[in-house]
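This report describes one protein chain, feature by feature. Keep the structure in view while reading.

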Amino acid sequence: MHVKRFAVYLMDQKNGEIKKVNAFNFFIPPMSGAHRETNKNANQISQDSQERRNHPYFDKSASKNVTALLGKTAYLNCRVKSLGNKTVSWVRHRDIHLLTVGRYTYTSDQRFRAVHQPHSEDWTLQVKYPQHRDTGIYECQISTTPHMSHYVHLNVVEPMTDIVGAPDLYIDHGSTINLTCVIKYSPEPPAYIFWNHNDAIISYDSPRGGVNVLTEKGETTVSFLLLQKARPTDTGRYQCNPSNAQPKAVMVHVLNGQYS
């Protein structure tokens, strides 16, 4: 236990003399283990915050994995806070190939390029015409000692088109033809989808009538082609054509009454 001594002094208003009028001891109890631990933790948090302000660190919320469409330019972002005089590099992991350092590109593969705007915290690796072989881990690296790393996974996908029930569908005469086209593994929904019948684009306001298309866009996009009151002339090859995927076809056979 610590003891501190305090004294009280008063000034005489008549002659200005200062006189000691009282003195007492003040006892300070020792700090408990819990208080010492609390102070220690607070100091550690303060120290960690100070170090974070003074040293580079990754903003992982802005440096996420990327799914790219085959052949469509991909951007892998790495956001670094408090970079100071350090540099940021991108390394391809599958062959430990240095791609970029700062704003400069260090590979002969011209599909890769460093993108950085002045005063920005974002250091971006641009990949033009990505192929399936580009799928993998890319390392964003800060030139500290030892170096700091953040890993970004690039997944290059090719959308798949499928028609439910393909390759052949058999429809009763007079019933509704319902063709369902599903587009999967696409980073973004197709801008448009159109249908063909025997290589001719289906017109929704054709004299035939009863033609409707419903499209539900999302992570998986589904397009429904509905033809009411099926007739023999509806027999043939139907093809679903998404803007960002390969087409898919199905043969529709409209059955006469005696074969239904």
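## The disulfide between Cys181 and Cys240

Cys181 and Cys240 are joined by a disulfide, with a distance of 2.1 Å from S to S. The two cysteines come from distant parts of the chain: Cys181 is in strand β15 and Cys240 is in strand β20 (residues 236-242), 59 residues apart. The model is a predicted one, and the values in this report are computed from it.

The torsion about the S-S bond of Cys181 and Cys240 is about -80°, so this disulfide is left-handed. Both Cys181 and Cys240 are buried.

## The disulfide between Cys78 and Cys140

How many disulfides does the structure hold? There are two. Besides the bond between Cys181 and Cys240, a disulfide joins Cys78 to Cys140, with 2.0 Å from S to S. This pair also links distant parts of the chain. Cys78 belongs to strand β5 (residues 74-81) and Cys140 to strand β11 (residues 136-142), and the two are 62 residues apart.

The torsion about the S-S bond of Cys78 and Cys140 is about -85°, so this disulfide is left-handed. Are these two cysteines buried or exposed? Cys78 has a relative accessibility of 0% and therefore counts as buried. Cys140 is buried too, with a relative accessible area of 0%. If the bonded cysteines of the chain are numbered in sequence order, the pairing reads 1-2, 3-4.

## A sheet of four strands

Strand β15, which holds Cys181, is part of an open sheet. The sheet has four strands in the order β13-β15-β19-β18, and their pairing is antiparallel. Why is one side of β13 and of β18 left without a neighbour in the sheet? Strands β13 (160-163) and β18 (211-216) stand at the edges and each has a single partner strand, so one side of each has no neighbour there. From one strand to the next, the twist averages 15°.

Within this sheet, β15 (residues 177-184) and β19 (residues 221-227) pair in the antiparallel sense over seven bridges. One residue of this pairing is already familiar: Cys181 has Ser223 in β19 as its bridge partner. Cys181 thus has a bridge partner in β19 as well as a disulfide to Cys240. As a general rule, side chains in a regular strand alternate between the two faces of the sheet.

## The hairpin of β18 and β19

Strand β19 also pairs with β18: six bridges join the two, which run antiparallel. Strands β18 and β19 form a hairpin, with four residues between them. In this pairing, Val211 has Leu227 in β19 as its bridge partner.

## The largest pocket

Val211 and Leu227 appear again in the lining of the largest pocket. This pocket has a volume of about 160 Å³. Other residues of its lining are His197, Ala200, Ile201, Ile202, Ser203, Ser206, Arg208, Thr233, Asp234 and Tyr238.

How many residues of the lining are nonpolar, polar and charged? The lining divides into six nonpolar, four polar and two charged residues.

## Less common backbone geometry

Most residues other than glycine have a negative phi, and most peptide bonds are trans. The places described below depart from these patterns.

The peptide bond from Thr145 to Pro146 is cis, with omega near -5°. Pro146 is in the loop between β11 and β12 (148-157). The peptide bond from Ala166 to Pro167 is also cis, with omega near 15°. Pro167 is placed in the loop between β13 and β14 (168-172). Strand β13 is one of the edge strands of the sheet described above.

Ser82 has a positive phi, near 50°, although it is not a glycine. Ser82 lies in the loop between β5 and β6 (88-92), and is partly exposed, with a relative accessible area of 31%. Ile96 likewise has a positive phi, near 50°, in a residue other than glycine. Ile96 is found in the loop between β6 and β7 (97-101). With a relative accessible area of 64%, Ile96 is exposed, because a residue counts as exposed when this value is over 50%.

Terms used. Residues numbered from 1 in each chain as written. Predicted model: local features only at pLDDT ≥ 70, side-chain atom pairs only at ≥ 80, totals over all residues. Heavy atoms only, no water. 1 Å grid on protein atoms, 1.4 Å probe; cavity = no way out; pocket = protein on both sides within 12 Å on 5 of 7 lines; lining within 4 Å. Points joined across faces, edges and corners; volume = space filled by probe spheres on them. Nonpolar A, V, L, I, M, F, W, Y, C, P; charged D, E, K, R; others polar. Pairing = 2+ DSSP bridges. Axes fitted to C-alpha atoms, helices over the stretch in contact; angles between N-to-C directions. Disulfide = S-S within 2.5 Å. Buried < 20%, exposed > 50% of the residue type's maximum accessible area, 1.4 Å probe, protein only.
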